[in-house]
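Colleague: I would like to go through this model feature by feature. Please give the general idea where there is one, and then the case at hand.

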Number of protein chains: 2
Amino acid sequence: MAFEKTLPKKSENVSEWYNAIILQAELAEYGPAKGTMIIRPYGYAIWEEIQKNLDADFKKRGVENAYFPLFIPESMINKEKHHIEGFSPELAVVTIGGGEELTEKLIVRPTSETIIGTSFSRWVKSWRDLPMILNQWANVVRWEKRTYLFMRTTEFLWQEGHTAHATHEDAVDTEVWAMNAYESLFRNFFALPGYRGIKSRGETFAGAEETISYETLMPEGKALQSATSHDLGQNFAKVFDITFQNKKREKEFVWQTSWGLSTRTIGALILAHGDDKGLRLPPKLAPFQVVIIPVRLDDDIIKECVFLKEKLVLAGIRVKFDDKDETLGFKINKWEMKGAPLRLEVGKRELESGTFKSVRRDNGKENSINKKSLVKDTKKILDDIQDNMFEEAEKFLKENTYKVNNFNDFKKIMETTRGFLEVSWCENSDCEEKIKQETKATTRCKIEGNNSGECIYCGKPSKSKWYFAQAY
Amino acid sequence: MAFEKTLPKKSENVSEWYNAIILQAELAEYGPAKGTMIIRPYGYAIWEEIQKNLDADFKKRGVENAYFPLFIPESMINKEKHHIEGFSPELAVVTIGGGEELTEKLIVRPTSETIIGTSFSRWVKSWRDLPMILNQWANVVRWEKRTYLFMRTTEFLWQEGHTAHATHEDAVDTEVWAMNAYESLFRNFFALPGYRGIKSRGETFAGAEETISYETLMPEGKALQSATSHDLGQNFAKVFDITFQNKKREKEFVWQTSWGLSTRTIGALILAHGDDKGLRLPPKLAPFQVVIIPVRLDDDIIKECVFLKEKLVLAGIRVKFDDKDETLGFKINKWEMKGAPLRLEVGKRELESGTFKSVRRDNGKENSINKKSLVKDTKKILDDIQDNMFEEAEKFLKENTYKVNNFNDFKKIMETTRGFLEVSWCENSDCEEKIKQETKATTRCKIEGNNSGECIYCGKPSKSKWYFAQAY
């Protein structure tokens, strides 16, 4: 394979590049059933890094992991009216089990609010049982007509947090805490800045009172909803009768939240950072942070590579020593394409001098690393790469965010560069719908602060500003 | 709840005790769809410990995690004849997706040999691509008429390893390595000795050439197949056309293995070690290895408990400080019931003396632990508990293993104590079937070594001895 020849240029056709790089870098591919995805080891390793870091963050807060069934009886999911309206077009349904037609159809979970809600109704009795803060790492299924690897597949992996609280205040605290955890993950691990805020009524999760979203910017100025956290109010509590006895011995409904982050975020990672040569992975999520490439497969060189790997691994760095029987040029192209943050080249000359050439994937810069300060220098460079990738992404986000005061400018931007538009909107769904029809742009999230003005569409007084963008 | 009153005695009725302790200890409960299971945090934490340790072992061997789709097209699973015969009565089938009848039914995976086989056929081209050693942590579904929490549920969690090799020898090496990993996990973490060996033809995995199993002994002398590793030969390779070019540039079929361990093992853990008071968890898998119980909820006592917890946690010990507003007696009963390996009681007297009472769950022995040697002493006691639980289980296994030479003795034991019987068997499936009909005992696994004799049923010459037992 000559990667550079077969990989479409991201700068020319993002979507062709995206599909091609996922296959070439062996991140994932489509499964045999329509819209399903096989996540290959190189892609799954990214997910494992995400899991490891997010799960540790959750556990610090006292979140407990649990596991709820894949199958939800149809009658149960039908109970919450808004919820089922939101999900019914997307459901996969099991009608046969053990060779027999089932008396009640089983829904393959699209999300677990209903089944966890019924469990909470059994488990929560008193204020002493609250808060209840559970999370599960699981697969969910939403039937999709048009699929796109990682971004939109019939089955995907995610975590879904579900909590119950004695007060609305405590629930909102948790809703915000979860979004803080996501924001920190995106900024510090994904190197992806974004906008966070409340969703419009029309874009709120089916069954929730309020949804907070983290919105990132993808190539071609398109927004991606990257994680959400919901204040469910008492909606599910009332439907599933989740009550507790408060300290005054009165019966009350609990207040709930749910929050989730999925393998879709790997799509964001690929799209946001990649370039014409392939992936660029931020060190904190890269399966291999350093790739050691021998210039030739001579014994003394191999020995040195193994030694360097050992030293770096002991320091907690994820390292690949590529000892395949391939040419140097091929390997360099391969690991550029696969987005390894840093590559170390080891040949005879390096062996003699004790100094190695290192090449950064983010900006192509070369550094020579002395064997004596190998670990320290490598860590320093990896940190620099992580920081630089964040700064680049932040620059891109800022350059593609526009304050817009009239609808003509709005339309013009949506026809050309796209991006995030800061816009006064009256919060009327009619205006939202018309703007969408005319520009394909939707409300992404509300901008905090005192932002009164006039609605960009109808001109009526508006209390707040919103980010609008075309979205994946 | 007064646990001691409502918990049936294990010594009187194992199966009632088993169901009750799982609910009372909040390990799991049945889900709303028949035969499904909700794994609650205290049960899931055990699974997380199992995952953590097994996954680390796998990674040392270079196993790579991946994820394959939940849905397998019906035509794909039907391809391997023996495989589909083995699984077809157990399948759950999706027939509706996105509101429409599907043109091809989708099977909810009962296991992933077929879908991974088709992937291997695309990924494996040359001997350079081999071995390919993948694993996935996933949920699988097998329709079950009679379910039993953890032991047999419609949906369960497991890991399934799938590998492809250039030679049969290399495949068998991996089959054996996987079973070594399981055996080590059972002995060192579960504190569960067992018998390991090859399965009879009739008990071999559907589609495999050979299955190795690890068989543990449960109360009432019943065996439990606790993990299996399969040599798939070239069966799936031939059906799914998984070939590679060898070093001589000839096309060959790959040799494959698969191996799995599931949440069923948590059932084994509960059954094997529990007693009339409830669970007894071995320290290496217990969600909380030490529970600190304050005698009273006074500030100075709470402070001391928090301090002790901090010291133990920093030393890598999993600790629960139970600061709930419950009586001392209630808490002691609760944590005995929940099987925490060691409990530390902290009251005024302990505060003054700097010495704490510790009580072991495995044998009820008390030790006083000096604050100055807290970490060292605690670690020592936890190690002792782990060792002691293994020794107890090994004694039980040995005492319930019988060498039997005639079928009358065989029947008598199966009608009374049960247990593992070491028996000469001619390996003819007729004898196996008749023994099963008359005694409910099945072949568990072959005993290694030169063991010629006469079949216990038909008297004909037999080349080997086998373990027989009634099984879950």
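Modeller: Keep in mind that this is a predicted model. Start with sequence separation: in chain A, 67% of the contacts with a separation of 6 or more are between residues 24 or more positions apart.

Colleague: Which secondary structure elements does chain A have, and how many?

Modeller: Chain A contains 25 strands and 15 helices.

Colleague: What radius of gyration does chain A have, and what would a compact globule have?

Modeller: The radius of gyration of chain A is 25 Å, which agrees with the value near 23 Å for a compact globule of 472 residues. The C-alpha trace of chain A spans about 80 × 55 × 50 Å along its principal axes.

Colleague: How should I read burial here?

Modeller: As a general idea, nonpolar side chains in soluble globular proteins tend to be buried together. In chain A, 51% of the 472 residues are buried. The largest nonpolar core comprises 279 residues, and Val94(A), Ile292(A), Val94(B) and Ile292(B) have the most contacts inside it.

Colleague: Which residues is Ile292(A) in contact with, leaving aside its neighbours within four places in sequence?

Modeller: The partners of Ile292(A) on that count are Cys305(A), Leu308(A), Lys309(A), Val319(A), Phe321(A), Asp322(A), Leu344(A) and Val346(A).

Colleague: And how do I read the relation between the chains?

Modeller: In general, two copies of a chain are related by a rotation about an axis and a shift along it. Here a turn of 180 degrees, with a shift of 0.0 Å along the axis, lays chain A on chain B with an RMSD of 0.0 Å. That is the relation of a two-fold axis.

Colleague: Which residue of chain A comes closest to the rotation axis?

Modeller: Val94(A) does, with its C-alpha at 2.1 Å. Val94(A) also has Val94(B), in β5(B), as its bridge partner. The strands concerned, β5(A) and β5(B), the latter covering residues 92-97 of chain B, run antiparallel and are joined by 5 bridges.

Colleague: How many residues does each chain bring to the contact?

Modeller: Chain A brings 44 residues and chain B brings 43. On the side of chain A that touches chain B, strand β5 (residues 92-97) of chain A gives the most, with 6 residues. By class, that side has 28 nonpolar, 10 polar and 6 charged residues.

Colleague: Why can one say that the copies meet through the same surface?

Modeller: Because 98% of the interface residues of chain A are also interface residues in chain B.

Note on methods:
Residues are numbered from 1 along each chain as its sequence is written. Chains are lettered from A and ligands numbered from 1 in the order in which they are written. This is a predicted model: local features need pLDDT of at least 70, side-chain atom pairs count only at pLDDT 80 or more; totals for chains, interfaces and linings use all residues. A nonpolar core is a set of buried Ala, Val, Leu, Ile, Met, Phe, Trp, Tyr and Cys residues joined through C-beta atoms within 7 Å. A residue is buried if 20 or more other C-beta atoms lie within 10 Å of its own, exposed if 12 or fewer, and partly exposed in between; C-beta atoms are placed from the backbone. Two residues are in contact if their C-beta atoms, placed from the backbone, lie within 7 Å. Helices (H or I, at least four residues) and strands (E, at least two) are DSSP runs, numbered from the N terminus. The radius of gyration is taken over C-alpha atoms; the globule rule is 2.2 Å times the number of residues to the power 0.38. Copies are superposed by least squares on the C-alpha atoms of residues with pLDDT of at least 70 in both. Ala, Val, Leu, Ile, Met, Phe, Trp, Tyr, Cys and Pro count as nonpolar, Asp, Glu, Lys and Arg as charged, and the others, Gly among them, as polar. Two strands pair if DSSP finds at least two bridges between them.
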